[in-house]
Amino acid sequence: MNKITKTFTSAAVAVGLVAAVATSASAGEFDGVTLKVATWGGSWKANMEKIIVPKFEALGGKIEFVTGSPASSFAKLVAGRGRAPFDVMEVLDAQVGDFAQVDYLQPINLDLIPNKTNIQPFQYNNTYVGSWFTQEVICYNTEKFSELGLSAPKTYADLAAPALQDKVSLPDINSGAGLANFGGVIFAAGGDEQNIQPGLDLMKEINATKFWKRGGETKTQFETGDIYAAVVHAGWCARAARAGSPVMSVHPEIKPGVKGLAKEGWLGIMKSSENVAAAHWFINEYLTTDFQYEYAINSGVFPLNSEAIEKMKSDEINARLMEMDAGNISKMLRIDYNKVDKTAWIDGWNKTLTTN
Amino acid sequence: MENRWIAYLIPPLIVTLLLVAGSQFVFIQNSFYQDLGLGRTGTDLTLVNYLNFFTDSFYLKTFWITIKVSALASLFTLFLGFPIAYVIARMKSRLAMLLLAGIVVSTFVTIVIKVFGLIIIFSADGVLNTTLMDLGLIDRAYSIIGTQEGIVVGLMHFTIGFSVLLLYSVVVTVPPSLEYAAQIHGASRWRVYQRVIIPLCTPGFVVGGLMIFNMCMGAFTSAALLGGGRVLTLPVLVQRTVMMEVKYSTAASIAFVLLVSVILINLISLIAIRRLRSARLVIA
């Protein structure tokens, strides 16, 4: 073997070794790490298992899910005095104020979230990164409305029609969508965060005998004919449509210039987490086009990722039931929970609308 | 000998005290501190949570509804369960064992599945509503969700299997020879029930009724699913207070009121029955 050949062989071996080390370092980035994520079960978890989990496992780690509503995750946090049984958590906009009081979240290093460029700057900050939002709508059975001689509802008050008695389902205040939609009803009735009485009066007038706790209940109730209309996020309306129910959605008129209601989801990293790098990685993956699109189609939430939004427009059912125009979306009502006295809202609800 | 057996009971007693009574004690202790929300409590001992409960019509109404639906469900379950238990107890074939096994197996089915079955049966397009509408008995589908009647049906569904097993064990202690003797002396079948079977089974009815009542008072799933967020019972309210409002002290006080009221209702019932029986013996 001449000198040139020897030098070439040595160089090739050296390059190979470096490449092998580099590959194994990347592949083993999260060796032995078990990331625990608090999220919903069903399609929510399934989407993560399909798209995010395999990528994390390829890096040597494992993801476990602690399923339940954000309210139950928060209750677990409080019970554990901030020692969370999870690293990352789905947080609802209505909970942001509660988290501010208990200081259980740690700052997010946005430099570790390069995919934040896929979303709008107001959708992330040093504590939270936005994950999705929902369009809260009135979903109604077009055939039943025709049979009853009712025109399409325009706002919540239209659900008080005598023909719809016992046939309307609203979100329970105890559900993830409860506070947001109650807020929508309050504003539509002429009230505001402090003056909730008009909303309670309107709710009483609607006289829904069913308050749902999980959006899936409305899908079943549409199928069994138990309800003809529901206040629910457009994704559940889409799921009912995909299951064959003849439903359509309406973004309710709430006040002049405001049509529709948005509920926002965020991601936060627990202060007690020891898997901070993995938690950042997870949040970054959440913002990829693939995941955001899959999530939107299967779970019915609206993506924040701009490319995923464009892709979603090609889905006929979503395009029919959801507002796709960015200008109109920006005009939807977003409840300012900093002004909301949650205890007063829940007390008012309990005393007016339950146990009677 | 007896003392040796008692010694075996001490370890499970300690475990029970630590796991059940210990955690209950911590929870109940919380109820005597002011609720500051988000799991936080004041530092001074106070009865303010209990005062809130007993002065707020919402809590009192919820308390009353819990007792009402539990009492009605217990009563109807006994009425439904007793004939079934009686027929099975008097069967001489192997079918009796098969039926009992069926009841036992049905108790393995989770309550959520059972309640969803009820919801399907009672749904607008369900068997019951379509049959009643086809017969012209109702002109609009009746829904049990969000009604007290619905919760009573759910609680009955939850406890009926248990009640049949319990009443079966009571009926088998009544010798059939007593029924034959009464019939030989000319008593009608109804008279035999009235004067022989029911009096002899009364202690079983009382104990069984109280056990079913206790189960109903603490039942969460049936009440939560069939109450539809509209009708609340105390267990549902405890869950809502913990999960939604994260008010542990308030929830603890509601839970303690529920616990004490169940104990009191049981004690009062047993004392009343004992006095009634003593009075009957004196008259006799």
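**Two interfaces: between the domains of chain A, and between chains B and A**

In this predicted model, A:Glu136 and A:Lys263 pair up in a salt bridge, with 3.1 Å between the closest N and O atoms. The setting for this pair is the two-domain layout of chain A. The domain assignment puts residues 34-133 and 263-319 in domain 1, and residues 134-262 and 334-353 in domain 2. That places A:Lys263 at the start of the second segment of domain 1, while A:Glu136 falls in domain 2. The C-alpha centres of the two domains sit 26 Å apart.

As for how the domains of chain A meet, 20 residues of domain 1 are in contact with 18 residues of domain 2. Together the two domains bury about 1500 Å², and carbon and sulfur atoms account for 50% of that area. On the polar side of the ledger, the interface between domain 1 and domain 2 of chain A holds 4 salt bridges, and 10 residue pairs are in polar contact across it, both partners being at pLDDT 80 or more. Several elements of chain A build the domain 1 side of this interface: α2 (42-58), β5 (129-141), β12 (261-270), α11 (289-299) and α13 (316-321) each bring at least two residues to it. Of these, α11(A) gives the most, with 3 residues. By residue class, the side of domain 1 of chain A that touches domain 2 breaks down into 9 nonpolar, 6 polar and 5 charged residues.

Turning to the contact between the chains, 31 residues of chain B are in contact with 39 residues of chain A. The area buried between chain B and chain A comes to about 2900 Å², again with 50% from carbon and sulfur atoms. On the chain B side, three residues stand out: B:Leu38, B:Arg230 and B:Met244 supply 25% of the area that chain B buries against chain A, more than any other three residues.

There are 2 salt bridges between chain B and chain A. B:Arg240 makes a salt bridge with A:Asp172, where the closest N and O atoms are 2.9 Å apart. Polar contacts across the interface of chain B and chain A add up to 11 residue pairs, with both residues at pLDDT 80 or more. Two helices of chain B, α3 (57-90) and α11 (234-243), each supply at least two residues of the side that touches chain A, and B:Arg240 lies within the range of that α11. The full set of chain B residues on this side splits into 14 nonpolar, 8 polar and 9 charged.

Definitions and conventions. Residues numbered from 1 in each chain as written. Chains lettered and ligands numbered in written order. Predicted model: local features only at pLDDT ≥ 70, side-chain atom pairs only at ≥ 80, totals over all residues. Heavy atoms only, no water. Domains from an automatic or database assignment. Contact = heavy atoms within 4.5 Å. Buried area = accessible area lost by both parts, 1.4 Å probe. Salt bridge = Lys/Arg side-chain N within 4 Å of Asp/Glu carboxyl O. Polar contact = N/O pair within 3.5 Å; in protein donor to acceptor, adjacent residues only side chain to side chain. Helix = DSSP H or I, 4+ residues; strand = E, 2+ residues; numbered from the N terminus. Nonpolar A, V, L, I, M, F, W, Y, C, P; charged D, E, K, R; others polar.
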